[in-house]
Amino acid sequence: MTMDDTSHRIHNPAAPDEIVAEVTLTAPAGLPGLVANARRAQKEWAGVPGAQRAARLNAFLDDVEAACEEIATSITLEQGKPLAEARGEVMKSVSEGRAMAGHAMLAGTMAVASARPFVRNMIVRRPRGVITAITPWNFPILTPMRKIAPAIAYGNSIVLKPSEFTPTAAVILDRLARAHFPENLLTVVFGGAELGQALSTADIDGITFTGSVGVGRHILAAAAASNLAEVSLELGGKNAVVVNDFEDAGPALEAIVGAAMQCAGQRCTAISRVIVNDEIAEDFVAALSARCAAMIVGDGRSPTTQIGAITTAAQFSKIAGLVELGIKEGAVCTAGGGRAAVADRPHGRFYAPTVLDRVTPDMRIAGEEVFGPVLSVLRYRNFDEAIEIANAPRFGLTSALFSNRNDLINRFVDEVRSGMIHINQGTVPDSHMPFGGIGDSGFGSYSVGPSAVSFYTTEHSVYNQYG
Ligand code: ADP
């Protein structure tokens, strides 16, 4: 990626000499005008009945689905993930958007008992107003759509700042939206941290952010000091899978490798720690390492690629540094452990799928988010210890347990520090279930499904005396 004053070029992480897109940067000084336009568009849109808003959102999603190949290609070129995964991301964004269109039609008025005669009490929900969305580079369409669809369905306008590393999916969404919604209902702006800061303090009503904990704190502080906008933060994770027992290791291995290595591990919901029962650890780690070592790393455009490039140079250095430190601190590398050589892409940012065994809770790699194709294995002797290790980081996004013991399953559901909990499966969320985390992983309402209503609408208590 290179930026000058007005334009911004994006380089392919699999072949960094290749420039794959260019966008015009938005001047922060222009934001007040854009927000004022978004406010006018929101007033018009709020007057459209909810069922019609949902129908128009669904028609827009039809167009997104039809543009799947164009969007997926842009994602692979800018973010690096295999094309098949990028197509899956587009389709997931459509299915989440459709689920939101359905939910929004149910967000109506609620009648409530009155304390006085001849008074009808109601709780009424209204669109919140102008929403700002700031998104990261790992899911260039899924994360923006997770914010655009509910904003529009509930009657808001939205100003989106996609990541400076992966803007093209948002460019395409902007183009497609024009045929379905009032002008300025969706506004896409381009820039980095400075523009993000300016957006956080603009005259807006809600900020939804997905990204790092550090930037999330900045945004919360910026909103507190300026507009007191409602804030929803989706931050990092240090997700654990606890492997206690199984009849057959196959499904557990497949789920763990999938959840860890998809998007080259650059997912907030990636499994990053395997906390394994000492009694089964030896064989399980050997099988896990063999599976990871056999994965094909390469350019996401090649149909055989299973693990694509690391999107940014800074992220690549972070992954490499954490793995090196882990080994220095005593972890045993049983797969990968460094850059992966890809013959036809000698300059690509490829990191080999890596397994570090014998990690202990005091090591940095045990607590810090890696955001790369790296699994740390920690061993335990009893389930209390497993829960203690799982809950050690302040993150609390998603988690999984492999066990057939009902007592342990119920303990896990009650005790694991995690917004999302999976039993005997990986960490893939459904398109209509609340998505979010606790502790350092999130703040404010969850997104997707029934939770989104509290962020995208405001609540009003109405007392109507009629006699
Ligand atoms: P990631 O490393 O996943 O991109 P970041 O938290 O660094 O996560 O960035 C996520 C988004 O936040 C990007 O769109 C980025 O431009 C934006 N951003 C970075 N710094 C700030 C800031 N201080 N205020 C608002 N937005 C910011």
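This dialogue explains how to read the ligand site, the pockets and the cavities of the structure shown above.

Visitor: What kind of model is this?

Guide: This is a predicted model, in which local features need pLDDT of at least 70 and side-chain atom pairs count only at pLDDT 80 or more, while totals for chains, interfaces and linings use all residues. Residues are numbered from 1 along each chain as its sequence is written, and side-chain values use heavy atoms, with hydrogens and water left out.

Visitor: Which residues come nearest to the ligand?

Guide: A residue is near a molecule if one of its heavy atoms lies within 4 Å of it. Here 17 residues surround the ligand, and Thr135, Trp137, Lys161, Glu164 and Ser212 come nearest. The shell comprises eight nonpolar, seven polar and two charged residues; Ala, Val, Leu, Ile, Met, Phe, Trp, Tyr, Cys and Pro count as nonpolar, Asp, Glu, Lys and Arg as charged, and the others, Gly among them, as polar.

Visitor: Where does an N or O atom of a side chain lie 2.6 Å from the ligand?

Guide: A polar contact is a pair of N or O atoms within 3.5 Å. In serine 212, a side-chain N or O atom is 2.6 Å from an oxygen atom of the ligand. For glutamate 164, the distance from a polar side-chain atom to a ligand oxygen is 2.7 Å, and for the side chain of tryptophan 137 it is 3.1 Å. On its own the ligand has 550 Å² of accessible area, of which the protein covers 84%; such areas come from the Shrake-Rupley method with a 1.4 Å probe.

Visitor: Where does the ligand sit?

Guide: On a 1 Å grid over the protein atoms alone, a pocket is an open set of points with protein on both sides within 12 Å along at least five of seven lines, whereas a cavity is a set where a 1.4 Å probe fits but cannot get out; lining residues have an atom within 4 Å of a point. A molecule sits in either one if more than half of its atoms lie within 2 Å of its grid points. In this structure, the ligand sits in the largest pocket. Two elements, α7 (193–200) and α8 (213–225), each give two or more residues to the shell around the ligand, and α7 provides the largest share, three residues. Helices (H or I, at least four residues) and strands (E, at least two) are DSSP runs, numbered from the N terminus.

Visitor: Which residues lie nearest the centre of the largest pocket?

Guide: They are Pro136, Trp137, Asn138, Thr210 and Gly211, from a lining of 50 residues. The pocket holds about 1,200 Å³ of space; a volume is the space filled by probe spheres set on the points, which are joined across faces, edges and corners. With five residues, α8 gives the most to this lining.

Visitor: How many cavities of 30 Å³ or more does the structure hold?

Guide: There are three. The largest has a volume of about 90 Å³, and its lining of 14 residues has Ala270, Ser272, Glu369, Val370 and Phe371 nearest the centre. The second largest cavity has a volume of about 70 Å³.

Terms used:
Polar contact = N/O pair within 3.5 Å; in protein donor to acceptor, adjacent residues only side chain to side chain.
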